[in-house]
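Colleague: I have a few things to ask about this one. Put it up and we can go through it piece by piece.

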Amino acid sequence: APILESLMATLGDELQRYNDAIAKASRQYSLDPLLLTAVIFQESGFDANAVSPTGARGLLQFTNSTAQIMGVNRADPVSSIYGGARYLRKLWDSLDGYELSFWDRWFLALAAYNQGPAHMQDAVVLARRLKGDGNSWGNVKSVLPLMGRGEYAAQTKYGGCRGGEAVKFVENVRYYYYVLNGLVVLDRPEAEHLAPLLAI
């Protein structure tokens with residue numbers, strides 16, 4: 001309940017400040033604007049000054065190295081939004097050779113956003129080795145938490161990672177996305193703040 005209250009408050013306050021940038025970035029990079037909104041809420045709660053314990057900054061919580069690669073100014077919310085949309089599209093495109101359903105592909109792209117594409121590749125390989133074919137989010141998410149353990153990290157090409165965090169990240173984004181879609185479908189009053197995202 002507290003998280004839902006925070007999400008509703010964000011829709012009424014912070015979202016209106018950035019909805020034009022979210023809508024245009026989503027259109028430019030062929031993303032669902034509600035998905036991008038869910039990612040922003042998960043990453044920073046729409047706090048442009050947010051800083052994580054690992055040093056990630058801004059609305060989309062870019063690390064310094066990823067920000068440099070993507071040409072993002074972490075202190076500029078609009079730059080962060082466009083950079084986040086571009087990075088999500090890049091991660092989606094990098095999964096082109098995998099046999100994934102539409103949403104499984106997005107869930108793996110989101111996990112890669114959280115822990116990096118190299119660790120996501122390791123997770124798929126480990127899933128194929130331990131759990132099945134690695135071609136579904138359910139299959140891959142079952143091995144991601146193992147990647148924080150030494151014996152499994154030793155089996156990966158790029159080393160261990162906080163795979164459990166990636167699972168939590170993806171599941172939270174899924175939940176926020178479902179809530180945002182439900183507000184639109186059910187024509188809830190809060191959906192009026194989402195209308196500008198869907199109009200462009």
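Modeller: Start with Glu171: its relative accessible area is 25%, so Glu171 is partly exposed. Keep in mind that this is a predicted model.

Colleague: What does the side chain of Glu171 meet in a salt bridge?

Modeller: The side chain of Arg174, with an N to O distance of 3.3 Å. Glu171 and Arg174 are both in helix α10, three residues apart, which is about one turn of the helix.

Colleague: And Arg174, is that buried or partly exposed?

Modeller: Partly exposed, because its relative accessibility is 21% and buried means under 20%.

Colleague: Which residues are linked with Glu171 and Arg174 in a network?

Modeller: Lys141 joins them, so to speak: Lys141, Glu171 and Arg174 are linked by salt bridges in a network.

Colleague: How many salt bridges does the structure hold?

Modeller: Seven. Among them is one between the side chains of Arg17 and Glu14, at 3.4 Å from N to O. Both of these residues belong to helix α2 and sit three residues apart, about one turn of the helix.

Colleague: How accessible is Arg17, and what about Glu14?

Modeller: Arg17 has 58% relative accessibility and counts as exposed. Glu14 has 23% and counts as partly exposed.

Colleague: Give me another one. What does Arg105 form a salt bridge with?

Modeller: With Asp96; the closest N and O atoms are 3.7 Å apart. Arg105 is at 13% relative accessibility, so it counts as buried, whereas Asp96 is at 56% and counts as exposed.

Colleague: New topic, helix α1. Which residues of α1 are buried?

Modeller: Helix α1 runs over residues 2-12, and Leu7, Thr10 and Leu11 are buried in it. These three are on the same side of α1, because they cover an arc of only 100° around the axis.

Colleague: What is exposed on the other side of α1?

Modeller: Pro2 and Glu5.

Colleague: And what covers the buried residues of α1?

Modeller: The cover includes α2 (14-28), α3 (33-44) and α10 (163-185).

Colleague: Pockets next. What volume does the largest pocket have?

Modeller: About 670 Å³. The lining has 23 residues, and those closest to the centre of the pocket are Glu43, Thr54, Asn114, Arg162 and Glu165.

Colleague: Which elements give two or more residues to that lining?

Modeller: α3, α6 (102-115) and α10. So α3 and α10 turn up again, as they are also part of what covers the buried residues of α1.

Colleague: How do the lining residues divide by type?

Modeller: Nine are nonpolar, 10 are polar and four are charged.

Colleague: I was also looking at His119. Where does it lie?

Modeller: In helix α7, which spans residues 117-130. His119 has a relative accessible area of 16%, so it is buried.

Colleague: What does His119 touch?

Modeller: Leaving out residues up to four places away in sequence, His119 touches Met147, Tyr158, Gly159, Gly160 and Cys161.

Colleague: Now backbone oddities. Which residue has a positive phi of about 55° although it is not a glycine?

Modeller: Ser30. It sits in the loop between α2 and α3, and with 54% relative accessibility Ser30 counts as exposed.

Colleague: And what is the phi of Gln61?

Modeller: Positive too, at about 50°, and Gln61 is not a glycine either. Gln61 belongs to the loop between α3 and α4 (64-70).

Colleague: Is Gln61 buried or exposed?

Modeller: Buried, as its relative accessible area is 12%.

Colleague: Val51 is in that loop as well, I think. How far apart are Val51 and Gln61?

Modeller: Val51 is indeed in the loop between α3 and α4. The two are 10 residues apart in sequence, and their C-alpha atoms are 7.3 Å apart in space.

Colleague: So what does Val51 touch, sequence neighbours aside?

Modeller: Ala56, Arg57 and Gln61, not counting residues up to four places away in sequence. Val51 itself counts as partly exposed, at 46% relative accessibility, while its contact Gln61 is buried.

Colleague: Good, that covers my list.

Conventions. Residues are numbered from 1 along each chain as its sequence is written. This is a predicted model: local features need pLDDT of at least 70, side-chain atom pairs count only at pLDDT 80 or more; totals for chains, interfaces and linings use all residues. Side-chain values use heavy atoms; hydrogens and water are left out. Buried means under 20% relative accessible area, exposed over 50%, partly exposed in between (1.4 Å probe, protein chains only). Helices (H or I, at least four residues) and strands (E, at least two) are DSSP runs, numbered from the N terminus. The arc is that of the directions from the helix axis to the C-beta atoms. Contact means heavy atoms within 4.5 Å. A salt bridge is a side-chain nitrogen of Lys or Arg within 4 Å of a carboxyl oxygen of Asp or Glu. On a 1 Å grid over the protein atoms alone, a cavity is a set of points where a 1.4 Å probe fits but cannot get out, and a pocket is an open set with protein on both sides within 12 Å along at least five of seven lines; lining residues have an atom within 4 Å of a point. Grid points are joined across faces, edges and corners, and a volume is the space filled by probe spheres set on the points. Ala, Val, Leu, Ile, Met, Phe, Trp, Tyr, Cys and Pro count as nonpolar, Asp, Glu, Lys and Arg as charged, and the others, Gly among them, as polar.
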